[in-house]
Structures are given as structure tokens and as C-alpha cells.
Amino acid sequence: MRIIGLDYGTKTVGVAMCDPLGLTAQPVETITRKEENKLRKTLARIEEIIEEYDVTEIVVGLPKNMDDSIGERAMACQEFADKIERRTGLPVTMWDERLTTVAANEVLIESGVRRENRKAVIDQIAAVFILQGYLDYKVNKK
């Protein structure tokens, strides 16, 4: 049982993967693209990762507003999730990702990662936080 976590941004997608037992999330990569609506290569790369790791479920971060409303960015994430679900046939869960990028940035600062190096991994770390939150929820729900 492998679950992939995705942090969808305007020009990047952070990717995280859980261990085979579904307990911990680890960063995998950051997929980049030149334009927000050019998703063909991004979706193809996600499909490659899904096949490589034998993924059975997908979690996509949902950046709700602080007042719990759904804004423009969250709608774009939902559209992205719908495309992935149609393309892969796998179940996709939307997971509240408020403040994950802020938390990821703080972890990188505390770890001593220089500002210019943070950009390369911040989306992966945010994807880890999204996926780990979902994994923890699943364990606690049982």
C-alpha cells in the first residue's frame, strides 16, 4: 500500500511518498513546469512515479483560506486532482494543507538550509507534511 502526496503549485508540484506500511512520508521530488496550465508533462511524470512505486492512493493538498472557505487556489487544486483521478483511475483525497509551506520553510530554516537552496525542496517538504497529516489521520481513525 503506497500513497503519494502532492503539493500542487502554480509552477511546481512537490511529491512525497509513504513507506510500504503507510506510516511515514518521505520527499521524492519537485516537478517543475514553465506555465501553470501546461500540465501534460507534469501529469505524465506523476503517472511514472505512480507506476514505479506501485501507488494505490493519491492525496492532494487543498489550500483552504484561513476562514475555511475555498478560494481560487483551492479550486485550481481540485481541478488538478480531478485530472489526476480521471487519468490514473486511482482514488484521490483532498487534504487541508493550510500553513504547510510556512511550516516547511521553518523546518528548512531551522535545519540551516540556505535561502537559495530552500526553493528546490520546499514543495517536497510541504508534500511530506500533507501526506503525513493524512497518514496520521488514517492511523488515528482506526
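**Figure 1. Salt bridges in the predicted model.** The count of salt bridges comes to five in this predicted model. One of them joins Glu-29 and Arg-45, with the closest N and O atoms 2.6 Å apart. Glu-29 belongs to strand S3 and Arg-45 to helix H1, so this pair ties together parts that are 16 residues apart in sequence. Arg-45 is partly exposed, at 25% relative accessibility.

**Figure 2. The salt bridge between Arg-87 and Glu-47.** The side chains of Arg-87 and Glu-47 form a salt bridge with an N to O distance of 3.0 Å. Because Arg-87 sits in helix H2 and Glu-47 in helix H1, the pair ties together parts that are 40 residues apart in sequence. Both ends of the pair can be described by their accessibility. Arg-87 is partly exposed, with a relative accessible area of 38%. Glu-47 is also partly exposed, with a relative accessible area of 27%.

**Figure 3. Asp-68, its salt bridge and its backbone.** Asp-68 is located in the loop between strand S4 and helix H2, the latter spanning residues 72–88. The side chain of Asp-68 meets that of Lys-64 in a salt bridge, 3.3 Å from N to O. Asp-68 counts as partly exposed at 43% relative accessibility, and Lys-64 counts as partly exposed at 25%. Elsewhere, salt bridges with shared partners join Glu-29, Arg-45 and Glu-48 into one network. The backbone of Asp-68 has a positive phi of about 75°, although the residue is not a glycine. Most residues other than glycine have a negative phi.

**Figure 4. Asp-54 in the loop before strand S4.** Asp-54 lies in the loop between helix H1 and strand S4. The phi of Asp-54 is near 55°, a positive value in a residue other than glycine. Asp-54 counts as exposed, at 59% relative accessibility.

**Figure 5. Strand S4 and its two parallel partners.** Strand S4 covers residues 55–62 and is mostly covered, with seven of its eight residues buried. S4 pairs with strand S1 (residues 2–8) in the parallel sense over five bridges. S4 also pairs with strand S5 (residues 92–96) in the parallel sense, over five bridges. Ile-58 of S4 can be followed to both partner strands. In S1, the residue opposite Ile-58 is Ile-4; in S5, the bridge partner of Ile-58 is Val-92. Another contact between S1 and S4 is that of Arg-2, whose bridge partner in S4 is Val-55.

**Figure 6. Strand S1, its two sides and its hairpin.** Seven of the seven residues of S1 are buried, so the strand is largely enclosed by the rest of the structure. Arg-2, Ile-4, Leu-6 and Tyr-8 point one way from S1, while Ile-3, Gly-5 and Asp-7 point the other way, and all are buried. S1 pairs with strand S2 in the antiparallel sense over five bridges. Asp-7 of S1 stands opposite Gly-14 in S2. The two strands, S1 and S2, form a hairpin with three residues between them.

**Figure 7. A positive patch on the surface.** Lys-34, Lys-38, Arg-40 and Lys-41 form a positive surface patch. Lys-34 is found in the loop between strand S3 (25–32) and helix H1 (40–53). Lys-34 is exposed, with a relative accessible area of 74%. That value qualifies Lys-34 for the patch because membership calls for over 30% relative accessible area and no salt bridge.

**Figure 8. A nonpolar patch on the surface.** Leu-21, Leu-23 and Val-139 form a nonpolar surface patch, and together they have about 310 Å² of accessible area. Leu-21 lies in the loop between strand S2 (12–18) and strand S3. Leu-21 is exposed, with a relative accessible area of 66%.

Methods: Residues numbered from 1 in each chain as written. Predicted model: local features only at pLDDT ≥ 70, side-chain atom pairs only at ≥ 80, totals over all residues. Heavy atoms only, no water. Patch = residues over 30% accessible without salt bridge, like charges linked within 9 Å, V, L, I, M, F, W, Y side chains within 5 Å. Areas by Shrake-Rupley, 256 points an atom, 1.4 Å probe, with all protein chains shown as cover. Salt bridge = Lys/Arg side-chain N within 4 Å of Asp/Glu carboxyl O. Lys, Arg positive; Asp, Glu negative; His and termini not counted. Charge placed at Lys NZ, Arg CZ, Asp CG, Glu CD. Helix = DSSP H or I, 4+ residues; strand = E, 2+ residues; numbered from the N terminus. Buried < 20%, exposed > 50% of the residue type's maximum accessible area, 1.4 Å probe, protein only. Pairing = 2+ DSSP bridges.
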